[in-house]
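Biologist: Could you pick one part of this model and walk me through it closely, and then show me what surrounds it?

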There are 2 protein chains.
Amino acid sequence: MPVYEKFLAGRVSRLAASEVRELLKLTEGKDVISFGGGLPDPSTFMKEELAEIARDVILRFGDKALQYAPTKGVLVFRETLKGFLKARDVKVSGDDDVIVTTGSQEALYLASLTLMGARDVVIVEEPTYLAALNVFKFFKTRVIPVDVDDNGIKTDVLEGKLKSLKSEGVNVKLVYTIPTAQNPTGVTLSFERRKHLIELASQHDLLLLEDDPYGYFTFEVERPPPLKSMDSEGRVLYFGTFSKIMAPGFRLGWALGPSRLIDVMELAKQGVDLHSSTLSQYIAMEAIKRGVVDATIEKARHLYKAKRDIMLGELEDHMEDLAAWTKPLGGFFVFLTLKRAIDTKKLLPEAIERGVAYVPGQAFYVMKNGSNTMRLNYSYPTPDQIKTGIRRLASIIRDKVM
Amino acid sequence: MPVYEKFLAGRVSRLAASEVRELLKLTEGKDVISFGGGLPDPSTFMKEELAEIARDVILRFGDKALQYAPTKGVLVFRETLKGFLKARDVKVSGDDDVIVTTGSQEALYLASLTLMGARDVVIVEEPTYLAALNVFKFFKTRVIPVDVDDNGIKTDVLEGKLKSLKSEGVNVKLVYTIPTAQNPTGVTLSFERRKHLIELASQHDLLLLEDDPYGYFTFEVERPPPLKSMDSEGRVLYFGTFSKIMAPGFRLGWALGPSRLIDVMELAKQGVDLHSSTLSQYIAMEAIKRGVVDATIEKARHLYKAKRDIMLGELEDHMEDLAAWTKPLGGFFVFLTLKRAIDTKKLLPEAIERGVAYVPGQAFYVMKNGSNTMRLNYSYPTPDQIKTGIRRLASIIRDKVM
């Protein structure tokens, strides 16, 4: 057998295994309540309607729906998608274009490939989406964190950082943000800060990468407008996904933004995977037209609000003295900070042993702070699992504090 | 509007627009018979069966088939796929693993990302698959061509080249090959040369990337064994796709090979697109189980053989004095070399004007030789289109020779 290590390219050392995924594997086949994943509840999948659509699409449009597609996506689907976005208050301006991607992960990857040169500087929320950090690291980007609080990224801190970096001769290229129901914290950027962020982008000549997987089903309030809709200068590249508003199994996402940038992402996509599933695109098109996406969103909104309420209620009942946590307006996650300096990563094996799993918050921090934090998912577990799981978690932490 | 050019990463300059795709656009909406594409004939798609399978899979397995999947692919599908491969004489050894990819393009991309460091040396057939050349170029690989003849890559020339490179201190890392019904030439590597290639890989400690989109439906003879099946040392990474044996719209491919290499590709895929369509994987699994893939292969074999025969017959009748061409045992393409030094790239606009399109062969050459060659696709056009198209082409070339 050859020594395979000698064949590996040097860049392989910059590929990071996703800690979330490795951790999830630990819980497989065991009687563990997992708050670790980020899966939608399968009861939101409109199976009967989607089965009918899949059948119809193959029978009626099979010659096209089963054929190769253009790299940017099926033209009629891209038009339908733009219409859907407009109806959901996402501005699509005259210079904008849309590219269909293999999940929004690929949108993030293609944007990074085309925009992030080695040592380019990108600012992220801290904590932020783990998989984004991994992609930025792969492309050798210099990542600078700015804290979030209950109103999202602290734009005054951001402003100070941009100024001090400029005085050091460092030009920031872009800000990566999940402004609505952020992952991992669940917090939502306030309207005032959105305005501020847009102003800063203009003043400092930045691009904004707006990742918006959860903005379509906020719970109580109407969501603040997407940054995409507040931007008049063409500085926002907006990522979305069908994973939470239809189902993840179609592996369908998109990037919407300045056509010049979308064109370059298209070129990159030709090399990466040529195009995304044609069949998924036809199904999503029909699902939009027949109202199945709208119906999924309503279903998801109610279900996840109920689950969030259960989790927040349990936390209040059992962990008030042990921790503080975020109150998400949407999305899949509550982010919890322990009052004592307990290392949640070190605690995890014991927690799994005692029947509950979570993601240690450290994974979401650039410099691996946040050792006393954890991300809790409420979208996937059942109400009963949420109740039992939070009680187990409270008891484990209480034992450590004693 | 910002000056977007300043935001683009330097690596963007290494992204090449696919000439084939740009050329195809020229023929859209015109009365042009195109031999330019590489599409399967949609009449090979088993629409009724696939529609039924899609419906069943969503109704019966929807909770899983519409959910996120592991990065390597759905476990039960990967097992089914391995069984399918074994039944088709593709060896799956104990140390082998399989990763499901978004088309075989992504398999090629992930393998290049993980194996091809800057200035690493890879040997390719000349001419070879355009999209592979583009990916290798993106990763800054040094690409060295070795000619093919009617029996595939000239392994004696390859041997000489490996020796002379070694004497210069240049270590070749791998050989990329499409041994059966090659793209663009349609030629098939002989059994003797396969043995020789495997020996050379062992002697020179090389990996072989075997790309096999067409090997499942050779026309007359049984195909020679895949390199994968002749290798006893774990040196072959084998790529395949469902695009030609089911339909391209599912965007489903795979890489099969040493588990150490597949594991690293998995790590890369986490960043690129997390996983490929779960639904496509469930549909492909059922299509294998219900014999729909086998039936598609038989349908394709007969249809494409008939179309190839029509194209070869027309060429003999109308172009004997003007050109020489390959006699493919399988696949989608005939490769044609003009006897006179006519630049087929310069000729193309006139050809399109006169109602016929092809791909200038130059695009498939590393150093842009082959200016008097062209690739002709027979899988997609109808028999009548093939007849009329070849006659048009003959008349255009004849006018140039006069």
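Modeller: Happily; I will start with a sheet and work outwards.

First, some ground rules: the model is predicted, so local features need pLDDT of at least 70 and side-chain atom pairs count only at pLDDT 80 or more, while totals for chains, interfaces and linings use all residues. Residues are numbered from 1 along each chain as its sequence is written, and chains are lettered from A and ligands numbered from 1 in the order in which they are written.

The part I chose is an open sheet of 8 strands in chain B, with mixed pairing and the order β2-β9-β8-β7-β6-β3-β4-β5. Strands here are DSSP runs of E with at least two residues, helices are runs of H or I with at least four, and both are numbered from the N terminus; two strands pair if DSSP finds at least two bridges between them. At the edges stand β2 (96-101) and β5 (152-153) of chain B, each with a single partner strand, so one side of each has no neighbour in the sheet. Further in, β3 (residues 121-126) and β4 (residues 142-149) of chain B run parallel and are joined by 6 bridges. Along that pair, Val121(B) sits opposite Arg142(B) of β4(B).

A helix packs on this sheet: α3 (residues 75-87) of chain B touches β2 and β9 (253-258) of chain B, and its direction makes about 115° with that of β2(B). Such angles run from 0 to 180 degrees between N-to-C directions, with axes fitted to C-alpha atoms, for helices over the stretch in contact.

Now look at Ala255(B). Apart from neighbours within four places in sequence, Ala255(B) has contacts that include Ile99(B), Thr101(B), Leu237(B), Phe239(B) and Met265(B), a contact meaning C-beta atoms, placed from the backbone, within 7 Å. The largest nonpolar core has 252 residues, and Ala255(A) and Ala255(B) touch the most other members. A core is a set of buried Ala, Val, Leu, Ile, Met, Phe, Trp, Tyr and Cys residues joined through C-beta atoms within 7 Å, where buried means 20 or more other C-beta atoms within 10 Å.

Finally, the partner chain: 67 residues of chain B are in contact with 67 residues of chain A. Elements giving two or more residues to this side of chain B include α4 (103-115) and α9 (259-272), but α2(B) has the largest share, 10 residues. By class, the side of chain B that touches chain A has 37 nonpolar, 19 polar and 11 charged residues; nonpolar covers Ala, Val, Leu, Ile, Met, Phe, Trp, Tyr, Cys and Pro, charged covers Asp, Glu, Lys and Arg, and the others, Gly among them, are polar.

Key: Contact = placed C-beta atoms within 7 Å. Buried ≥ 20, exposed ≤ 12 C-beta atoms within 10 Å, placed from the backbone.
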